[in-house]
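Before us is a model to be read together, feature by feature. How should a learner go from a general idea to a particular case?

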Amino acid sequence: MAKRLIPLLDRVLVEKLAPPTKTVGGVLLPETASKMSEGRVVAVGPGRRSLNGDVIPVSVKAGDTVLLPDFGGTNVKLDSGSEFALYRDDELLGVLTS
Amino acid sequence: MAKRLIPLLDRVLVEKLAPPTKTVGGVLLPETASKMSEGRVVAVGPGRRSLNGDVIPVSVKAGDTVLLPDFGGTNVKLDSGSEFALYRDDELLGVLTS
Amino acid sequence: MAKRLIPLLDRVLVEKLAPPTKTVGGVLLPETASKMSEGRVVAVGPGRRSLNGDVIPVSVKAGDTVLLPDFGGTNVKLDSGSEFALYRDDELLGVLTS
Amino acid sequence: MAKRLIPLLDRVLVEKLAPPTKTVGGVLLPETASKMSEGRVVAVGPGRRSLNGDVIPVSVKAGDTVLLPDFGGTNVKLDSGSEFALYRDDELLGVLTS
Amino acid sequence: MAKRLIPLLDRVLVEKLAPPTKTVGGVLLPETASKMSEGRVVAVGPGRRSLNGDVIPVSVKAGDTVLLPDFGGTNVKLDSGSEFALYRDDELLGVLTS
Amino acid sequence: MAKRLIPLLDRVLVEKLAPPTKTVGGVLLPETASKMSEGRVVAVGPGRRSLNGDVIPVSVKAGDTVLLPDFGGTNVKLDSGSEFALYRDDELLGVLTS
Amino acid sequence: MAKRLIPLLDRVLVEKLAPPTKTVGGVLLPETASKMSEGRVVAVGPGRRSLNGDVIPVSVKAGDTVLLPDFGGTNVKLDSGSEFALYRDDELLGVLTS
């Protein structure tokens, strides 16, 4: 039975989305163009503690599409075929909305 | 359909403005002169947390013209032709007003 | 008589679980696949102190199955045959639930 | 039309003053003597945030003559002929009064 | 007359216990096995200060048997034959109870 | 007209005193003996801010004779012949009283 | 007239005591044995400030015999023949009582 991973503290479990190789119009993107990688938030931790010990909730939620930094993150192998990674909330660059 | 990027925490999405190559009077600026780069704020994050967990709002707003540092910032490719970058609020040097 | 180790502050005593070499269906996992290591929480410390001195409890409990980072942790030899290690609460990546 | 730069956070915009090459009595100062550089404060930011998020105002004001450190500061090109630089409030050494 | 050492702040004076070379059953432990070193707490300091200045008491007490880290600690020569060392409370790994 | 330098934040303006080459009794001090340098406090800044923004006053006052560290401090040239330096309050070692 | 040095902030003025070369019984101590150095507290500063500005008093007092670390401390030459040094309160290892 597949296991579920619940991130700890301010970690965010992200399923990496393969970057689009073609623009919406179908034009092949130059390899460099699609360097930015995106991911879908699968699960978030309860949040980290502020210096006084209060819980600071994570700033994204499951289902969000997020822009990932070029570096950082810990790759995680789960039973499904996709590529997953754990990021700290503070590493994520932004949320992409259509 | 173009995606919209909402910066997280204290990040600021900036559209880089090409530095002026001529002075207002049309005199060609020496290459070194126009080293400072400017940008237009497109979107701002909700702000970072102070040590005791309060939200500290970002100090610029969409539409501001800002003076960018020589280093820092993360280049971001969005569907439009312009050049974008994400800066932390604390990296931006100042706001330019006419 | 076997000794019991009670972790101090925000440390967590983990018994390392040998990574599965076969998938649930019995297919031999490629060596790289099972790189992630898991462990069972045996005992937790009382927690660390926040900057103003309050105790911040550890975020996992005895019996949890946790995802371990590739690096970090202090190996500990106890009388039983298993492999044990002490991690700081903040080093643990997540809790695995079936 | 010349642009105005409003510094952000605890930054201070300073117009660098050419160091005096002669003493008040007109005696030529040895090159090393006039190593200390001075500047006139043009504009100040609103101040930085303390750890609890309160605004800490900048400790100099427009019009002050300040003693500049040998290192630090970010040179800024504005339309006027003078030399400008941005310093963090904490970098400035002192205020010179006659 | 032998001197007594009262540790300062969050330091803990530990008498190092020679690691057991044989298991309880008398089987000779391989040299690597007994790498972990244990110690008996002789005296503890009053505790360190939190950022707000409150005293944070040390988390072990005289008489406890503690698991020592491989590194850290300051060796201390006292008049008795035993080997002593001073550790910061935060360096100690755990308390061993039978 | 000579300028007056008012130190900023927690800085202290010190006039360096030439170290005594002879003891009170007139015996020539060996060169190494007089290595410690002393200074007279000329002016002090208003103090630095604590983490929560309160002003922490400087711990010395104008007229004090202070023991200077071997390193640190920023040399400052003022119009008078003496040698001046700016130190952070925290760099000064102690106050010398007769 | 001899000068008195009053340490600033959390500094402690210590007169270094020559380490005993013989045990109480007169047996010559091996050179390595007496490596630990001891000192007598001559004067203490008012204490350092906690992050929120409160004064944290020094944890030793004049007359205490203290165990000194192998490294750290600033040697100070005062008029008397003895060897003095300034330590931060946090550097001192412990108080020796008979």
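The dialogue below takes up a core, a buried charge and two chain interfaces in this predicted model.

Q: Which residues have the most contacts inside the largest nonpolar core?

A: The general idea is that, in soluble globular proteins, nonpolar side chains tend to be buried together. Here the largest nonpolar core has 13 residues, and those with the most contacts inside it are E:V12, E:V60, E:V66 and E:L92. Within chain E, β2 (11–17), β6 (65–68) and β8 (84–88) each supply at least two residues of this core.

Q: What does E:L92 touch, leaving aside residues up to four places away in sequence?

A: With that exclusion, E:L92 touches C:L8 and C:R11 from chain C, and from chain E it touches E:V12, E:V60, E:V66, E:L67, E:L68 and E:Y87.

Q: How should I read F:D89, and which side chain of opposite charge is nearest to it?

A: A salt bridge here requires a side-chain nitrogen of Lys or Arg within 4 Å of a carboxyl oxygen of Asp or Glu. F:D89 is buried yet has no salt bridge, the nearest side chain of opposite charge being F:R48, 6.5 Å away. The side chain of F:D89 is, however, joined to that of F:S59 by a polar contact of 2.8 Å. As for its place in the fold, F:D89 lies in the loop between β8 (84–88) and β9 (94–97) of chain F, and its contacts beyond four places in sequence include F:D10, F:V12, F:P57 and, from another chain, G:L9.

Q: How many residues of chain D and chain B meet, and how much area do the two chains bury?

A: An interface can be read first by its residues and area, then by its polar pairs. In this case 20 residues of chain D are in contact with 25 residues of chain B, and the two chains bury about 1,900 Å² between them, 62% of it on carbon and sulfur atoms. D:K3, D:L8 and D:K77 supply 28% of the area that chain D buries against chain B, more than any other three residues. The rule finds seven residue pairs in polar contact across this interface and one salt bridge, in which the closest N and O atoms of D:R88 and B:D90 are 3.2 Å apart. On the side of chain D that touches chain B, β1(D) gives the largest share, four residues.

Q: Which residues form the salt bridge between chain C and chain A?

A: C:D90 pairs with A:R88, their closest N and O atoms being 3.3 Å apart, and this is the one salt bridge that the rule finds across that interface. Chain C contributes 25 residues to the contact and chain A 20 residues, with about 1,900 Å² buried between them. Strand β9 (residues 94–97) of chain C provides the largest share of the side that touches chain A, four residues.

Technical notes. Residues numbered from 1 in each chain as written. Chains lettered and ligands numbered in written order. Predicted model: local features only at pLDDT ≥ 70, side-chain atom pairs only at ≥ 80, totals over all residues. Heavy atoms only, no water. Buried < 20%, exposed > 50% of the residue type's maximum accessible area, 1.4 Å probe, protein only. Lys, Arg positive; Asp, Glu negative; His and termini not counted. Polar contact = N/O pair within 3.5 Å; in protein donor to acceptor, adjacent residues only side chain to side chain. Contact = heavy atoms within 4.5 Å. Core = buried A, V, L, I, M, F, W, Y, C linked by side-chain atoms within 4.5 Å. Buried area = accessible area lost by both parts, 1.4 Å probe.
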